[in-house]
Amino acid sequence: MSSSRRCFDVCEDKNRDRVVRGDGMDSLDHEIVQLTRVCSSPHPGLCAARPGKVTLPVSPVKMLGGREVNYNGRGRFTSAECCHVLSRYLPVYGPSVVDKMRSCAYVSQFSADGSLFVAGFQDSDIRIYNVNRGWKVQKVIRAKSLRWTVTDTSLSPDQRFLVYSSISPIVHIVDVGSGTKESVANVMEIHEGLEFSSNVDDYDDYSFGIFSVKFSTDGRELVAGSSDDSIYVYDLETKKLSLRIDAHKSDVNAVCFADETGHLIYSGSDDNLCKVWDRRCFASEQKAAGVLIGHLEGVTFIDTRGDGRYLISNGKDQALKLWDIRKMSSNVNYIPRPRKYDWDYRWMDYPEHARNKRHPHDLSLTTYKGHSVLRTLIRCYFSPAYSTGQKYVYTGSTDSSVYIYDLVSGARVARLDFHEAPVRDCNWHPFLPMLISSSWDGVIANWEFPGNGDSPVPVMRPRRYRQPQMIW
């Protein structure tokens, strides 16, 4: 059996989770289907088994043969054809253990070029690994003013600086490029504090914390979401807050810039809503451009496709949703109805009677179900554009696994099961078939597609980690 065929068989799951349209239909019929096909499909002639019949995926052997006879007229693979080949070699083998800590892993992130990997732990450690040098630890940062855990980290686009946040109104910035391997705040290096509040009393108030922080594409600004229901934009050149938005009716768990222009900001909150903010329209009043209605519980994370149109969100209603902001509601003052039962995702299972409920005004394009979003703010992402054409979405899960879904069909392509505690974060390498999962069991695990298609020697499973009592 060829390695490509073996990969396809491993990723197929007969017990696939269904994808549900926001309007109740079971198939996705939208512009994003065509966009995904354009970004990840081969030349039409290679797909035609017979006239009028299209067969996908096309085998790598047939793709190589088509390239040799110059089927597309370019003498080489197009970027879409590269994605079509690479997207079949999913990182589902292994895993190997990159690192094992005595503390819960909360956040993880590859750099834009994939050469560095950042992992943040509850005990104040932030470790930066050099991927190209065998995952050697390049820098260990001891977080300053830590309250409960490191809630988020973000690398600057030029990979010179890293910012980290905690349950505190101060975000700290560290020079990643310095020669110091161990960075202890204000002992070995200065961890400059960026103040996100003008009220001095806030610094002694644990209720004001930063849950999400992201660099802009040009590296000049930071956007942050906080527990005071607000969005903040910080100008790194002037070292001042440039914008504060009273954005939601509850904690803002996730924020990001929509695209490289920096004009649009997406936010997700415990008020069950995702909102779109256009800074070009803030001259008169700070009003959302629109609201995305569909989640029945709070939003834990959002990720942008990078085109200023599409985003995905994870929700405590155990659903991952795909959105098109052109379908957003203009009713920016919409307030979700409160639920009629008591439930707290931090220590209770999701009620069975609520699992099949659907929002009567759901504006999402698609809903993916099968994973679990409990205990902590589970994160989700689009797969890389370079190697997959963003044809998958993937997420961590409370059941200690990573789930990969097909964006268009909604089929569960793979479930990566190894950890012994919730997988809060996971990150796919921007270019290679490699995915890193970080879990509350303290393990950073590396999933790959080996060149020969053989599974590596199984790794000893870690002992189950005792669940923390306070959870974000």
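This section describes the predicted model of the chain, from its overall make-up to selected sheets, helices and residues.

The chain contains six helices and 32 strands. Of its 472 residues, 59% count as buried. The accessible surface of the chain amounts to about 20,700 Å², and carbon and sulfur atoms account for 49% of that area. Among the contacts between residues at least 6 apart in sequence, 57% join residues at least 24 apart.

Two of the sheets are described here, beginning with the one that contains strand S27. Strands of a sheet pair through backbone hydrogen bonds, either parallel or antiparallel. In this open sheet, four strands follow the order S26-S27-S28-S29, and their pairing is antiparallel. Strand S26 (380-382) and strand S29 (412-417) form the edges, each of them pairing on one side only. From one strand to the next, the twist averages 15°.

Within this sheet, strand S27 (residues 392-396) has a partner in S26, to which three bridges join it in the antiparallel sense. In this pairing, Tyr 381 stands opposite Tyr 394 of S27. Strand S27 is also joined to strand S28 (residues 401-406), again antiparallel, by five bridges. Here Val 393 has Tyr 405 of S28 as its bridge partner, and Thr 395 is matched with Tyr 403 of S28. Strands S27 and S28 form a hairpin in which four residues lie between them. One residue of the turn, Ser 400, has a positive phi of about 75°.

In a regular strand the side chains alternate between the two faces of the sheet. In S27, Tyr 392, Tyr 394 and Gly 396 point one way, while Val 393 and Thr 395 point the other way. The residues on both sides are buried, and S27 is accordingly described as mostly covered, with five of its five residues buried.

The second sheet is likewise open and consists of four strands in the order S14-S15-S16-S17, with antiparallel pairing. Its edge strands are S14 (210-215) and S17 (240-246), each of which pairs on one side only. The twist in this sheet averages 20° from one strand to the next. Strand S15 (residues 221-226) pairs with strand S16 (residues 230-235) over five bridges, in the antiparallel sense. In this pair, Val 223 has Val 233 of S16 as its bridge partner.

Attention now turns to the helices. Two packed helices are described by the angle between their axes and the distance between the axes. Helix H2 (residues 31-40) packs with helix H5 (residues 79-86) at an angle of about 90°, and the two axes are 5 Å apart. Because angles of 65 to 115 degrees count as roughly perpendicular, H2 is roughly perpendicular to H5. From H2, the residues Val 38, Cys 39 and Ser 40 take part in the contact; from H5, Ser 79, Ala 80, Cys 83 and His 84 do so. The residues of this contact comprise four nonpolar, three polar and no charged.

Two individual residues illustrate contacts between parts of the chain that are separated in sequence. Gly 114 is located in the loop between strand S5 (105-110) and strand S6 (116-121). Gly 114 has a relative accessible area of 1% and is therefore buried, since the cut-off for a buried residue is under 20%. Neighbours within four places in sequence aside, Gly 114 is in contact with Val 131, His 429 and Pro 430. The C-alpha atoms of Gly 114 and Leu 432 are separated by 8.4 Å, although the two residues are 318 residues apart along the chain.

The other residue, Val 299, belongs to strand S22 (residues 299-304). With a relative accessible area of 0%, Val 299 is also buried, because this value falls under the 20% cut-off. When residues up to four places away in sequence are not counted, Val 299 touches Asn 253, Gly 268, Ser 269, Asp 270, Asn 272, Leu 273 and Cys 274, together with Ser 313, Asn 314 and Gly 315. Val 299 and Val 373 are 74 residues apart in sequence, and their C-alpha atoms are 9.9 Å apart in space.

Methods: Residues numbered from 1 in each chain as written. Predicted model: local features only at pLDDT ≥ 70, side-chain atom pairs only at ≥ 80, totals over all residues. Heavy atoms only, no water. Pairing = 2+ DSSP bridges. Axes fitted to C-alpha atoms, helices over the stretch in contact; angles between N-to-C directions. Parallel < 35°, antiparallel > 145°, perpendicular 65-115°, else oblique. Contact = heavy atoms within 4.5 Å. Nonpolar A, V, L, I, M, F, W, Y, C, P; charged D, E, K, R; others polar. Buried < 20%, exposed > 50% of the residue type's maximum accessible area, 1.4 Å probe, protein only. Areas by Shrake-Rupley, 256 points an atom, 1.4 Å probe, with all protein chains shown as cover.
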